[in-house]
Amino acid sequence: MFEGFRDRRLAQEIVRKIREEAKDLDRTVKFMHVCGTHEDTVTRSGIRSLLPKNVRILSGPGCPVCITPVEDIVKMQEIVREAYEDGDRMIVTTFGDMYRIPTPRGSLADLKGEGYDVRVVYSIYDAYRFAKENPDRTVVHFSPGFETTTAPTAGMLKVVSEEGPENFKIYSVHRLTPPAVELLIRQGTTFDGLIDPGHVSTITGVKGWEHITRDYGIPQVVAGFEPVDMLLAILYLLRMVKAGEARIVNEYTRSVRYEGNVTAQRLIDEFFEVRDARWRALGVIPKSGLELRREWKELEIRTYYNPEVPKLPDLEKGCLCGAVLRGLALPTDCPHFGKTCTPRSPVGPCMVSYEGTCSIFYKYGVLF
Ligand code: SF4
């Protein structure tokens, strides 16, 4: 099914068209994506090196694990300690990259090192299974992610709300992608076009992005994750910029509909409400967080344990994650990159997560 989207000849032909279109540009144009998987495709396929010098690709805040606030990770650690003091041998589950994200008070992996029961899972369903297998222990899924991950979380909550088990809880650090794009625009990150993440758009639909074009005049392309998808997105954006058009084009029609996944949207809306929320290294973004609705608060662990956590620094001194997440720097601009900061010994969150730009650059050996 995806072979055509990896076809070398087709890719070369699109690159040729991009170069043709870029020939008579009188300036450099910048297109931003907001997706770790898009960055993986761009870097793995060497797309930046194929583009003319006056077409640049920026990487925005596309890594939900990277932007999970330090205070929430630390609060999760404190909750586990309090629960143990109360005699509840709480089990915490989360995804593999979230497990290793560093904070000034250590990671969830460090918590495991202290002897607490922290488990890496592939999906929230594993946490649900652990809860059923351990009825005398609270199981908390520390739940990060953008719209794509929120949908299965809401699905799981639906099951738990109807059938139990009562010892299953979540700690929601879910976030919404479009408000982060708006924040960057308002704060002065400039780009000529936006490449929308295909998996998020499968949930939100094309309509979930329309306001960016309407309110800020920015052309957009919803794109899939193969090299040809990304190249087509760049070509379509380039053509729109040259024609002075601001439209939104759906390149990923094999997955994304205009309305999106209405069933998933309803499910998310049933359990979550939108709130202002903090993003690591980006600050508070209006209407960008998802918290459980009042009627479902019994499913949120902070209803039972909510220890005070001091404000902690988001990043180590010299870490440029904030600028990387804003599309203002590439990992190679950071003096730590590949030297004092590597996936084995990460200084900042962007080097830990599979979706972090620094980790992706390192994985594919981008050192220039
Ligand atoms: S290379 Fe490391 S220190 Fe530099 S921005 Fe990336 S995560 Fe931060």
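# A tour of the predicted model

The centres of domain 1 and domain 2, taken over C-alpha atoms, are separated by 17 Å. This is a predicted model. To see the two parts, select residues 1-311 as domain 1 and residues 321-360 as domain 2, following the domain assignment of the protein chain.

**Stop 1: where the domains meet**

Select the contact between the domains: 25 residues belong to domain 1 and 17 residues to domain 2. On the side of domain 1 that touches domain 2, three elements give two or more residues: helix 2 (36-44), strand 2 (55-59) and helix 5 (96-100). Colour helix 2 separately, since the largest share of that side, five residues, comes from helix 2. By residue class, the side of domain 1 that touches domain 2 holds 13 nonpolar, seven polar and five charged residues.

**Stop 2: the ligand**

Next, select the ligand and its shell. The shell has 14 residues, and the closest are Cys319, Cys334, Cys341, Gly348 and Cys358. Of the shell residues, 12 are nonpolar and two are polar, with no charged residue.

**Stop 3: helix 1 and helix 12**

Show residues 8-22, which form helix 1, together with residues 227-243, which form helix 12. Their axes come within 10 Å and cross at roughly 20 degrees. With that angle, helix 1 counts as roughly parallel to helix 12, and the crossing of the two is left-handed.

Now display the side chains of the contact. Helix 1 supplies Leu10, Ala11, Ile14, Val15, Lys17, Ile18, Glu21 and Ala22. Helix 12 supplies Pro227, Val228, Leu231, Leu232, Ile234, Leu235, Leu238, Arg239 and Lys242. The residues of this contact between helix 1 and helix 12 comprise 13 nonpolar, no polar and four charged.

**Stop 4: helix 8 and its two partners**

Helix 8 covers residues 147-163. Start with helix 7, residues 124-133: the axes of helix 7 and helix 8 come within 9 Å and cross at roughly 25 degrees. Helix 7 is therefore roughly parallel to helix 8, and the crossing is right-handed. Select Ile124, Tyr125 and Tyr128 on helix 7, then Pro152, Thr153, Met156 and Val160 on helix 8, to show the contact. The contact of helix 7 with helix 8 has six nonpolar residues, one polar and no charged.

Then add helix 13, residues 262-271. The axes of helix 8 and helix 13 come within 9 Å and cross at roughly 65 degrees; here the crossing is left-handed. On helix 8, pick Thr150, Ala151, Ala154, Gly155, Leu157 and Lys158. They meet Ala264, Leu267, Ile268, Glu270 and Phe271 in helix 13. The residues in the contact of helix 8 with helix 13 are seven nonpolar, two polar and two charged.

**Stop 5: two backbone details**

Follow the chain from helix 8 into the loop that leads to strand 6 (168-175), where proline 165 sits. Inspect the peptide bond from glycine 164 to proline 165: this bond is cis, with omega near 10 degrees.

Finally, go to the loop between strand 10 (272-279) and strand 11 (283-292) and select alanine 281. What is the phi of alanine 281? Phi is near 70 degrees there, a positive value in a residue other than glycine.

How values were computed: Residues numbered from 1 in each chain as written. Predicted model: local features only at pLDDT ≥ 70, side-chain atom pairs only at ≥ 80, totals over all residues. Near = placed C-beta within 6 Å. Nonpolar A, V, L, I, M, F, W, Y, C, P; charged D, E, K, R; others polar. Axes fitted to C-alpha atoms, helices over the stretch in contact; angles between N-to-C directions. Helix = DSSP H or I, 4+ residues; strand = E, 2+ residues; numbered from the N terminus. Parallel < 35°, antiparallel > 145°, perpendicular 65-115°, else oblique. Left-handed = near helix turned anticlockwise from the far one by under 90°. Contact = placed C-beta atoms within 7 Å. Domains from an automatic or database assignment.
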